[in-house]
Every structure is written in structure tokens, then in C-alpha cells.
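Here is a quick report on charge pairs, one helix and one pocket. Have the structure open while you read.

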Amino acid sequence: MAPKKGSSSSSASTSKASNNNKGKNKSNNDDQEDSKGKGKGALKAATAVNVRHILCEKHSKASEALQKIQEGQSFNKVAQEYSEDKAKAGGSLGWMVRGSMVGAFQDAAFALTPSTVDKPITSGLVKTNFGYHIIMVEGRR
């Protein structure tokens, strides 16, 4: 918090200088993140994603589900058929905020570009302590 007017001028100017530097560094970091993006469609930072997933305990079953999606079947139909999770309603987990998901799942979810169940962009297989996930993101905010 910035010092109130009337406090010593030296601490106020020091505080202003550090605030200015923080702002400058922040914009520089944003520029660096954008330039590190994957070409033209770099994703903006998000605090929440609308996630669907398919969870399988066995690698072979998860691979089979991924194969079906790659062959053109819709994500929600494959999720209903293959997912061993309680989110059987097409694999929808709804809006999830950063920090509410396990590490590898979260990393994959926030790295994905939003897509639709009919033409999903998926994560491939993501291993967590729950099993193997196939993840897709429908939205970011």
C-alpha cells in the first residue's frame, strides 16, 4: 500500500520508485511471455478453465479412448463410454480455478487452447495419482 500524503518525502519517493519498477518489470515479463508463446495464437493468462476430462485407471483403456477421439468421435460421447470418473456427463468438470487441480492435470489444462466437444484439442494422456486423463478445455477466463 502506498504511504499517505504527509509521510516523509524520502519514503514516499522510494515507494513510488519501487512501484514504478514493479510496473515496468511486470510489463516486460508479459512481453517475454507473449514472445515465448507458440507462434501466432499465444494463450493469454487465465485464472480459470472450463474443463472436460476422461479418466481411466488403466493406460490401455485411456489409449483406446484417445484413439476414438483422434478418429473423430466427439469428446463427450467417448467420455460417457470410457471415463471411470463421476463426471460422466460428457466428462465435464465445469469451471476450475488455478490451484484446485493436481499438478500435472492443472499444467495440461492451462496449456490447452479452448475447443469444442465435436472438434476437441486434447492433452494426450496425463498421468496423475488418480489414473490417466485425457483433458480438453472449453473456455478460459
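The count of salt bridges in this predicted model comes to 2. Side chains of opposite charge can pair when their charged atoms come close. Here is how the two pairs look side by side.

| Pair | Closest N and O atoms |
|---|---|
| Arg 52 with Glu 138 | 2.9 Å apart |
| Glu 84 with Lys 61 | 3.3 Å apart |

Take Arg 52 and Glu 138, whose closest N and O atoms are 2.9 Å apart. This pair links distant parts of the chain: Arg 52 sits in strand β1 and Glu 138 in strand β4, 86 residues apart. Is each partner buried or partly exposed? Arg 52 has a relative accessible area of 14%, and since buried means under 20%, Arg 52 is buried. Glu 138 reaches 30%, so Glu 138 counts as partly exposed.

Now for the other pair, with 3.3 Å between the closest N and O atoms of Glu 84 and Lys 61. Glu 84 belongs to the loop between α3 and β2, while Lys 61 is in helix α2, so the salt bridge ties together parts that are 23 residues apart in sequence. Glu 84 is partly exposed at 39% relative accessible area, and Lys 61 is partly exposed too, at 29%.

That brings us to helix α2 itself, which runs over residues 59-70. With 12 residues at 1.5 Å a residue, α2 should span 16 Å, and the end C-alpha atoms are indeed 16 Å apart, so the two values agree. Which residues of α2 are buried? They are Ala 62, Ala 65, Leu 66 and Ile 69. These four cover an arc of only 100° around the axis, which means they lie on the same side of α2. The general background is simple: an α-helix has 3.6 residues a turn, so residues three or four places apart point the same way.

What covers those buried residues of α2? The cover includes β1 (48-56), α3 (75-82), β3 (122-128) and β4 (131-140). After α2 comes Gly 72, with a positive phi near 110°.

Last, the open space. The second largest pocket has a volume of about 240 Å³. It is lined by 13 residues, and the closest to its centre are His 53, Asp 85, Leu 93, Phe 130 and His 133. Strands β1 and β2 each supply at least two residues of that lining.

Conventions:
Residues are numbered from 1 along each chain as its sequence is written. This is a predicted model: local features need pLDDT of at least 70, side-chain atom pairs count only at pLDDT 80 or more; totals for chains, interfaces and linings use all residues. Side-chain values use heavy atoms; hydrogens and water are left out. The expected span of a helix is 1.5 Å times one less than its number of residues. Buried means under 20% relative accessible area, exposed over 50%, partly exposed in between (1.4 Å probe, protein chains only). The arc is that of the directions from the helix axis to the C-beta atoms. Contact means heavy atoms within 4.5 Å. A salt bridge is a side-chain nitrogen of Lys or Arg within 4 Å of a carboxyl oxygen of Asp or Glu. On a 1 Å grid over the protein atoms alone, a cavity is a set of points where a 1.4 Å probe fits but cannot get out, and a pocket is an open set with protein on both sides within 12 Å along at least five of seven lines; lining residues have an atom within 4 Å of a point. Grid points are joined across faces, edges and corners, and a volume is the space filled by probe spheres set on the points.
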